[in-house]
Amino acid sequence: MSEEVEFVICNNCESPCYSFELDRKGGISSAFCALCGADEAKDFHIPEAEDIEDQG
Ligand SMILES: [Zn+2]
């Protein structure tokens, strides 16, 4: 069972961003936030399981 990252969180506006790439280690290699324009990997983080709320 491998963990799948569906989105990353922008550190600037805390929005989920779906345009991103992960490196082999599971880190963020590149990402882009359409909301604030952040485009550096360091501007994003991968959401923890606790950050993802169950729907319903
Ligand atoms: Zn942003």
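A residue counts as exposed if 12 or fewer other C-beta atoms lie within 10 Å of its own, and as buried if there are 20 or more. Glu14 has 12 C-beta neighbours inside 10 Å, so it falls on the exposed side of that cut-off. This residue sits in the loop between β1 and β2, and its backbone is a bit of an oddity: phi is positive, at about 55°, although Glu14 is not a glycine. Most residues other than glycine have a negative phi. The model behind these values is a predicted one.

Stepping back to the whole chain, the secondary structure amounts to 5 strands and 0 helices. Read from the N terminus, the elements simply go β-β-β-β-β. Buried residues account for 12% of the 56 residues. As for contacts between residues at least 6 apart in sequence, 34% of them link residues at least 24 apart.

Three of the strands make up an open sheet with antiparallel pairing, in the order β2-β1-β5. The edges are taken by β2 (16–17) and β5 (44–45), each of which pairs on one side only. Strand β1, covering residues 8–10, is joined to β2 by 2 bridges in the antiparallel sense. Within that pairing, Ile9 lies opposite Pro16 of β2.

The other two strands go together as well. Strand β3 (residues 19–22) runs antiparallel to β4 (residues 28–32), and 4 bridges hold the pair. One of the pairings puts Glu21 across from Ser30 in β4. The hairpin they form has 5 residues between the strands, and there Gly26 adopts a positive phi near 90°. So there are two positive phi values to look at, that of Gly26 in the β3–β4 hairpin and that of Glu14 in the loop between β1 and β2.

Now for the interior. Nonpolar side chains tend to be buried together in soluble globular proteins. Here, the largest nonpolar core has 6 residues, namely Val8, Cys10, Cys17, Ala31, Cys33 and Phe44. Val8, which belongs to strand β1, is buried because 24 other C-beta atoms lie within 10 Å. Beyond its neighbours within four places in sequence, Val8 is in contact with Cys17, Phe20, Ile28, Ala31, Phe44, His45 and Ile46. The link to Phe44 spans 36 residues of sequence, yet the two C-alpha atoms are 6.3 Å apart.

Phe44 has a busy contact list of its own. Not counting residues up to four places away in sequence, Phe44 touches Val8, Ile9, Cys10, Asn11, Cys17, Phe20, Ile28 and Ala31. Among these partners, Val8, Cys10, Cys17 and Ala31 are fellow members of the core.

Val5 offers a contrast with Val8. This valine is found in the segment before β1, and it is exposed because it has 11 other C-beta atoms within 10 Å, whereas Val8 has 24 and is buried. With neighbours within four places left aside, Val5 is in contact with Leu22 and Ile46. Ile46 also appears among the contacts of Val8. Phe20 is another residue that can be placed relative to Val5: the two are 15 residues apart in sequence, with 9.9 Å from C-alpha to C-alpha.

Key
Residues numbered from 1 in each chain as written. Predicted model: local features only at pLDDT ≥ 70, side-chain atom pairs only at ≥ 80, totals over all residues. Core = buried A, V, L, I, M, F, W, Y, C linked by C-beta atoms within 7 Å. Contact = placed C-beta atoms within 7 Å. Pairing = 2+ DSSP bridges.
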